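Got the viewer open? Here's a short walk through the model, one selection at a time.

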Amino acid sequence: MALTNRAQKVQTASLSWSEKLYLPAILKGMVITFTHLFKRTPTIKYPEQKREIAPVYRGQHVLKRDEAGAERCTACGLCAVACPAEAITMESAERKKGEEGLYREEKYAKIYEINMLRCIFCGLCEEACPKEAIFLTDRIVPTTFNRGEFIYGKDKLVESKDEPVDVTKRQTPEVLDFKKDKKHYHNRTFLDKITRKKAAH
Amino acid sequence: MDPILLYKIILCVVVFAVSLGIAAYMTWGERKLAAILQDRVGPNRAGPFGLLQPIADGIKMFMKEEMIPGASNRFLFILAPCFFMLTACMTGVVIPWGGGITIDGVTYPMQITDINIGLLYLLGVVSIGVYGIMIGGWASNNKYSLMGALRASSQMISYEVAMGLALIALVMMTGTLSLGEIARQQDEGLAYVVYQPLGFLIFIICAFAETNRAPFDLPESESELVGGYHTEYSSMKLGFFLFAEYINMFISSAVMATLYFGGYNFPFQHELGLEGNTLSIIQTVVLFAKILIFIFIFMWVRWTLPRFRYDQLMNLGWKVLLPLALANIFFTGIGMYLFGKLG
């Protein structure tokens with residue numbers, strides 16, 4: 001019994017006289033290639049032409065500042081834990097007196113690095129962040145000539161005070177609804193994990 | 001200086017420059033056409049529509065490191081590309097590029113030399129072309145090169161037989177070997193493709209094989225022989241081999257247009273009421289249009305058909321084209337006898 005209806009009978013008949021001539025087949029092939037002369041190429045000529053990307057596109061990350069211009073990141077490490085590609089690494093430091101304008105919380109990220117070659121742009125860091133510090137944007141990570149330059153430090157990630165990066169495009173109604181009780185959600189899952197681990201032991 | 005001699009020298013230079021220029025832009029055309037046939041864009045970075053690409057390619061070729069293998073025969077290794085290029089350029093001499101140009105009552109023919117054995121000269125020079133490849137492959141002292149060269153020489157020699165026999169049927173009708181005379185005959189009568197369709201078919205297939213173009217590009221077979229006879233060549237010596245192939249293509253297109261498609265003549269050319277030089281210029285333009293169509297067919301076929309297997313190639317040459325060419329001679333003879341009796 002045939003499992004699919006795609007099976008084809010093997011043709012063992014030798015070629016007919018007209019098939020042996022090959023010329024009809026060649027002409028047929030040439031007609032096919034000729035029709036391609038009039039087809040539009042699907043190529044997008046990149047530097048001049050850019051492909052339209054979705055408004056919620058997940059591209060190069062940005063570390064946001066708050067309204068006063070202080071960095072929001074508190075180096076809690078949740079993004080690094082959430083990252084499935086293990087692309088994020090950070091080192092925290094304590095805020096000193098007089099640095100209140102620079103960092104929003106008492107603890108801040110002294111070093112914050114994302115390896116753009118490891119990153120899969122899934123957006124889980126953004127989802128994990130309790131301080132709404134990290135966002136993915138519709139910017140595309142530019143190419144460089146060596147691997148080292150793909151490790152983006154704070155100099156490339158933190159937005160400048162004068163030109164804030166617009167992340168409102170990714171704040172769709174669904175995202176805002178998700179964020180409504182965000183802190184609660186994260187604590188719950190974190191606690192769940194611990195209790196489950198203990199139960200297993 | 002004798003004005004005729006001066007004119008011939010100028011014509012030589014012009015024909016040489018035009019064949020080189022057209023061959024250069026054929027490389028661009030080939031890449032562009034290949035791209036379009038494969039739904040790609042093709043070269044478009046160097047100049048508008050990539051039109052400066054041949055110049056960029058030329059500069060690239062010159063800037064490349066020159067490698068001569070230590071085990072090669074140095075003299076022959078350098079001689080081979082020169083030889084191949086020379087024979088490619090030599091064939092343009094006998095082709096009539098248009099009617100005559102009249103200056104001060106003297107008519108200068110648009111043909112460098114109308115030797116009365118033009119066709120024989122053409123076949124002779126084409127046969128010498130094999131030496132360029134053979135020497136190149138042999139002197140490289142590399143098995144891939146030697147294999148490519150062996151394939152190339154056996155292929156070219158095999159297809160030359162069928163090509164020559166296809167031309168014999170044509171020569172039986174024309175009664176002359178002079179290309180200028182053949183072109184003039186097609187002004188009075190019909191283009192010879194009408195009388196010799198089979199001959200033309202055999203000739204165009206052999207022309208593909210002679211110029212080592214797909215589907216007969218076994219000598220190069222980049223997939224199996226990594227370039228065949230020019231594996232060891234680099235820099236402009238490689239460029240010469242590749243470039244000569246395009247010149248060969250241009251010349252064979254010109255030969256096909258001249259022998260079978262009326263040369264520089266076009267239908268109703270004498271009914272237009274044009275005279276002398278104006279007509280000649282239009283005729284030259286028409287000839288180049290015909291040549292460009294043939295070049296297009298060369299490229300079109302290359303990007304349609306896959307390469308032959310080696311035994312298929314030899315079977316086609318010896319078992320199909322040769323008997324067909326012989327039959328063509330036979331039937332041409334019968335036809336000429338019958339129609340000669342009637343007319």
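**First stop: a helix in chain A**

Select helix 2 of chain A and look at its surroundings: this helix is hardly covered, and the count of buried residues among its 13 residues is zero. Now put a distance between the C-alpha atoms at the two ends of that helix, residues 23-35. You should get 18 Å, which agrees with the 18 Å expected at 1.5 Å a residue.

**Before you go on: confidence**

Keep in mind that this is a predicted model. Colour chain A by pLDDT: the average is 83, and 89% of the residues score at least 70. Then pick out residues 184-189 of chain A, where pLDDT stays under 50. For that stretch the model has two contacts beyond four places in sequence.

**Next: the sheet**

Still in chain A, show the strands in the order 2-3-5; these three form an open sheet with antiparallel pairing. Its edges are strand 2 (88-94) and strand 5 (151-152) of chain A, each pairing on one side only. Zoom in on strand 2 and strand 3 (residues 107-115) of chain A, and you'll find seven bridges joining the two. For a specific pair, select A:Glu94, which stands opposite A:Lys107 in strand 3 of chain A.

**Last stop: where the chains touch**

Bring chain B into view. Ten of its residues are in contact with eleven residues of chain A. Which elements of chain B give two or more residues to the side that touches chain A? Select helix 1 (3-37) and helix 9 (276-302) of chain B. Colour that side of chain B by residue type and you'll get seven nonpolar, one polar and two charged.

How values were computed. Residues numbered from 1 in each chain as written. Chains lettered and ligands numbered in written order. Predicted model: local features only at pLDDT ≥ 70, side-chain atom pairs only at ≥ 80, totals over all residues. pLDDT = per-residue confidence, 0-100. Contact = placed C-beta atoms within 7 Å. Helix = DSSP H or I, 4+ residues; strand = E, 2+ residues; numbered from the N terminus. Nonpolar A, V, L, I, M, F, W, Y, C, P; charged D, E, K, R; others polar. Expected span 1.5 Å × (residues − 1). Buried ≥ 20, exposed ≤ 12 C-beta atoms within 10 Å, placed from the backbone. Pairing = 2+ DSSP bridges.
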